[in-house]
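I have opened a fresh notebook page for a structure I had not looked at before. Come along as I look things up one by one.

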Amino acid sequence: MKDGRKAIANAKQAELVKLLKELAADVSLFKNPKARSNIYQRLEIYYIDDEEKFRHFYSDFFPLIVEISENPELGSTEALITNLKFLMDHYQIQNKNQNGDFKNVEDEIVKLYDHINLDVARLNHFTRTLSQTQSGLSELKASSLEAEEGIKRAMNAEKNYITILGIFASIVLAFTGGLAFSTSVLENINAVSPYRLAFVMEGLAFVFINVMY
C-alpha cells in the first residue's frame, strides 16, 4: 500500500513538472479561455480529498528551473513566474468530487508559486554573484598583466640606465687616462729634441682623436 501511494505521488510530480514546462514555454498561454480551463483542471492533481492534498516535491523544482534558464528552447523562468502569478490570482474551481464538494486547490497553487518564485530568485542571485565574481577576476587579471608590463618596463629602464652610466663612465675614464698620459709626456717636453716632440704631438693627437670617438 505504501509503495502504491509513492507511485501515485511520483506520477503526480511528473505531471506537475510537465505542466510547469508548458507554463515556462508560453507567456501568452492564458489568453485562450480553453487553455486556462484545461490547466485549472490539470492542477486538480493536488486534490485527494477535503482533508488531504498532494504535496509536491520541492527538491525537484530547482533542477527544473536551472534547466529552463540554460535552455532558451524550453522558454524562460520569467514566463513561468508570470503564468504562475496569473494562476494564483485568477484560479477558478472547475469540478466537484463524488460527494459534491468542490475540488479546491487554491492553497496548493499559492505554495507552488511561492516555492518556484523562491528558487528563481535564488538562481538569479547566484547568477549575479557569479557574474560579479567573474568580472572581478577579469579586472584582477587585467591589473596583474598591467603590473607585469610595468615591471618589465622598469627592468628595461634600469638596464638602459646601467648601459648609459657604463658608457659615460668609460668615456670619463678614457678621457682621464688620455689626459694623464698627455700631461706626463708634456711635463718632459724640454728634455727631447724637436723631432721627437713632433712625433709625440702626432701620437697625442692620434690618442685624443680615438678617445673622442
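**Entry 1: pockets.** My opening question was: what volume does the largest pocket have? I looked it up in this predicted model, and the answer is about 260 Å³. I then asked which residues are the closest to the centre of this pocket. They are R5, I8, A9, I48 and E52, out of 11 residues that line the largest pocket. I also sorted that lining by class: five residues are nonpolar, five are charged and one is polar.

Next I turned to the second largest pocket, and its volume came out at about 180 Å³. I wrote down its lining as Y46, K53, F54, R55, H56, Y58, E108, K111 and H115. By class, I find four charged, three nonpolar and two polar residues there.

**Entry 2: I48.** I48 had caught my eye in the lining of the largest pocket, and I wanted to place it. I found I48 in the loop between α2 and α3. Is I48 buried or exposed? Neither label fits, because its relative accessible area is 40%, and that makes I48 partly exposed. Leaving out residues up to four places away in sequence, I see I48 touching K53 and F54. K53 and F54 also belong to the lining of the second largest pocket. I checked one long-range pair too: I48 and N97 are 49 residues apart along the chain, and their C-alpha atoms are separated by 9.3 Å.

**Entry 3: the whole chain.** I stepped back to take in the overall layout. How many helices and strands are there in the protein chain? I count six helices and zero strands, so the pattern along the sequence reads α-α-α-α-α-α. The chain has 213 residues, and 22% of them count as buried. I also looked at contacts with a separation of 6 or more, and 72% of them join residues 24 or more positions apart.

**Entry 4: the nonpolar core.** I moved on to the largest nonpolar core, which has 33 residues. Which of them touch the most other members? My list reads L20, L23, L84, L87 and I116. I then traced where the core comes from: α1 (2–25), α2 (33–42), α3 (61–70), α4 and α5 (106–186) each supply at least two residues. The largest share is from α1, with seven residues. I added a reminder in the margin: in soluble globular proteins, nonpolar side chains tend to be buried together.

**Entry 5: helix α4.** I wanted a look at one helix on its own, and I chose α4, residues 77–90. I note 14 residues, with a reach of 20 Å from the first C-alpha to the last, close to the 20 Å expected at 1.5 Å a residue. Which residues of α4 are buried? I find T77, A79, L80, I81, N83, L84 and L87.

L87 deserved a line of its own. Setting aside its neighbours within four places in sequence, I find L87 in contact with L23, F30, I39, Y40, L43 and I109. L23 and L87 are both among the core members that touch the most others.

T77 was my other stop in helix α4. Its relative accessible area is 7%, which is under the 20% cut-off, so T77 is buried. Beyond residues up to four places away in sequence, T77 touches I65, I68, S69 and V120.

**Entry 6: a buried lysine.** I looked up K12, which sits in helix α1. Why does K12 count as buried? The reason is its 18% relative accessibility, because buried means under 20%. Not counting residues up to four places away in sequence, I see K12 touching I45, Y47 and F54.

**Entry 7: two residues of α2 and Q94.** My last stop was S37, in helix α2. S37 is partly exposed, with a relative accessible area of 23%. S37 and Q94 are 57 residues apart in sequence, and I note 7.5 Å between their C-alpha atoms. I then looked up N38, also placed in helix α2. N38 counts as partly exposed, at 39% relative accessibility. N38 and Q94 are 56 residues apart in sequence, with 9.2 Å from C-alpha to C-alpha.

Conventions:
Residues numbered from 1 in each chain as written. Predicted model: local features only at pLDDT ≥ 70, side-chain atom pairs only at ≥ 80, totals over all residues. Heavy atoms only, no water. 1 Å grid on protein atoms, 1.4 Å probe; cavity = no way out; pocket = protein on both sides within 12 Å on 5 of 7 lines; lining within 4 Å. Points joined across faces, edges and corners; volume = space filled by probe spheres on them. Nonpolar A, V, L, I, M, F, W, Y, C, P; charged D, E, K, R; others polar. Helix = DSSP H or I, 4+ residues; strand = E, 2+ residues; numbered from the N terminus. Expected span 1.5 Å × (residues − 1). Buried < 20%, exposed > 50% of the residue type's maximum accessible area, 1.4 Å probe, protein only. Core = buried A, V, L, I, M, F, W, Y, C linked by side-chain atoms within 4.5 Å. Contact = heavy atoms within 4.5 Å.
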